[in-house]
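Take a look at the structure below. We will walk through it part by part.

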Amino acid sequence: MPARAIGVDLGGTKLLAGAVDPSLGVHHRLQRTVTGLQQRALLDMAVAAVAALRESAGDEVDAVGFGLPALIDRRTGRVGVGVHTPLADIPFADVMAERLGLPVFVDNDGNNSALAEHRAGAARGATDAVVLTLGTGIGGGLILDGRIYRGSRGGAGELGHMEIDFDGPECRDNCPGRGCAELYASGPALVREATRLAGERPESGLARAVADGRELLGPLVTELAHDGDEAAVEAVQLIGSRLGVVITSLVNIFNPEIVVIGGGISTAGDLLLEPAREEYQRRALRSSSWAPVVAAQLGNDAGVLGAAALVMERPGI
Ligand SMILES: [Zn+2]
């Protein structure tokens with residue numbers, strides 16, 4: 001067990017990092033904006049962030065774990081094409097290990113969040129778990145038989161690209177598919193439904209917010225739903241019901257002990273999760289439908305913790 005690992009969650013807009021102790025406590029959190037940085041500047045910033053953390057942590061760091069918004073090819077260690085990061089095709093762990101003089105491990109951010117919830121959050125102790133992170137898309141990961149399931153080349157766990165409508169709209173970014181789950185049950189889907197309902201219900205809180213010049217983003221819709229605005233509640237519940245359909249397929253395939261829902265929209269809590277539970281209880285096979293659907297516990301720390309937990313998965317480091 002290492003004395004201390006550094007976890008770095010290198011997202012499309014910001015870098016979050018922290019020193020993580022063997023009990024998975026996060027110390028010396030650090031944040032940097034990375035929007036618009038090209039490859040060299042981004043790597044330089046990551047190196048500087050790790051150096052700053054080593055300085056402030058003040059004791060020995062054994063290794064560094066990274067999470068990237070892209071797939072990592074398990075055969076080559078190279079970063080796959082990711083629209084959210086300019087790191088495509090470099091052997092990221094090797095490059096960073098050389099620059100940092102420390103062992104470096106890397107995985108995609110969805111897997112890291114799932115690993116964190118399994119080691120220190122809502123899925124702790126589960127042998128099999130499905131973790132869904134609802135944000136701009138749907139990320140997440142699979143814990144199967146106590147370990148992250150990465151597939152033959154590292155591409156497994158792309159839960160948001162489960163196709164649920166064979167004639168649906170084209171997917172986004174690098175996905176050539178149609179009708180993928182994340183088109184229906186992510187942050188942008190919530191905004192789309194809330195905008196539609198605001199137009200249909202001029203008396204609603206959603207419509208008043210638009211009339212006041214406020215932009216209907218996920219946090220505002222969630223806030224209005226918590227305040228009891230019926231249109232906002234309906235928008236959140238609609239996304240929850242669709243989420244329940246996605247969960248149905250996942251539990252039928254993987255028969256997990258628990259399903260964990262994280263990401264920005266999950267702050268809606270049971271307003272989102274209750275319709276998801278109802279939908280999935282109605283649809284799932286009886287052999288699978290008992291797994292509880294719960295909110296993630298680690299919030300913004302999940303990426304950093306999961307990156308550090310990557311280090312702790314490696315015996316001998
Ligand atoms: Zn897709």
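Which geometry does the site of the zinc ion have? It is tetrahedral, with angles of 104 to 124 degrees among its four donor atoms. Four donors earn that word if all angles lie between 85 and 135 degrees. Donors are N, O and S atoms within 2.8 Å of the metal (3.2 Å for Na, K and Ca), and sites may look incomplete since water is not among the atoms.

A word on the source: this is a predicted model, where local features need pLDDT of at least 70, side-chain atom pairs count only at pLDDT 80 or more, and totals for chains, interfaces and linings use all residues. Residues are numbered from 1 along each chain as its sequence is written, and side-chain values use heavy atoms, with hydrogens and water left out.

Back to the zinc ion. His161 coordinates it through ND1, while Cys171, Cys175 and Cys180 do so through SG, at 2.0 to 2.4 Å. Along the sequence, the spacing of these donor residues reads H-x9-C-x3-C-x4-C. Are Cys171 and Cys175 buried or exposed? Buried means under 20% relative accessible area, exposed over 50%, and partly exposed in between (1.4 Å probe, protein chains only). Cys171 has 11% relative accessibility, so it counts as buried. Cys175 has 17%, so it counts as buried too.

Now turn to the strands. Helices (H or I, at least four residues) and strands (E, at least two) are DSSP runs, numbered from the N terminus. Two strands pair if DSSP finds at least two bridges between them. Five strands form an open sheet with mixed pairing, in the order S3-S2-S1-S4-S5. Why is one side of S3 and of S5 left without a neighbour in the sheet? Strand S3 (26–33) and strand S5 (104–108) stand at the edges, and each has a single partner strand, so one side of each stays free of a neighbour there. On average, neighbouring strands of this sheet are turned by 15 degrees against each other, direction ignored.

Follow the sheet strand by strand. S1 and S2 pair in the antiparallel sense over six bridges. They form a hairpin with three residues between them. Leu10 has Leu15 in S2 as its bridge partner. S2 and S3 also pair in the antiparallel sense, over six bridges. Their hairpin has five residues between the strands, and Leu24 in the turn has a positive phi of about 65 degrees. S2 is mostly covered, with six of its seven residues buried.

One residue in strand S2 is Leu16. Its relative accessibility is 17%, so Leu16 counts as buried. What does Leu16 touch? Contact means heavy atoms within 4.5 Å. Leaving aside neighbours within four places in sequence, the contacts of Leu16 include Gly7, Leu30 and Val304.

Strand S4 (residues 63–68) and S5 run parallel, joined by five bridges. Val64 stands opposite Val104 in S5. Two helices pack on the sheet. Helix H3 (residues 109–120) touches strand S1 (5–10), S4 and S5, and its direction makes about 100 degrees with that of S5. Helix H9 (residues 302–312) touches S1, strand S2 (14–20), S3, S4 and S5, and its direction makes about 135 degrees with that of S1. Such axes are lines fitted to C-alpha atoms, for helices over the stretch in contact, and angles run from 0 to 180 degrees between N-to-C directions.

Next come the cores. A nonpolar core is a set of buried Ala, Val, Leu, Ile, Met, Phe, Trp, Tyr and Cys residues joined through side-chain atoms within 4.5 Å. The largest has 44 residues, and those with the most contacts inside it include Leu132, Leu206 and Val221. Which helix supplies the largest share of this core? H7 does, with eleven residues. Apart from this core lies another, of 30 residues, among them Ile6, Leu30, Ala49 and Leu68.

Look at helix H6 (residues 218–226). Its buried residues include Gly218, Val221 and Leu224. They pack against helix H4 (187–200), helix H5 (205–211), helix H7 (230–254) and helix H8 (270–283).

Finish with the backbone. Most residues other than glycine have a negative phi. Asn255 is not a glycine, yet has a positive phi of about 50 degrees. Asn255 lies in the loop between H7 and strand S9 (258–262). With a relative accessible area of 37%, Asn255 is partly exposed.

How values were computed:
Four donors count as tetrahedral if all angles lie between 85 and 135 degrees; four count as square planar and six as octahedral if opposite donors are over 155 degrees apart and all others between 65 and 115; anything else is irregular.
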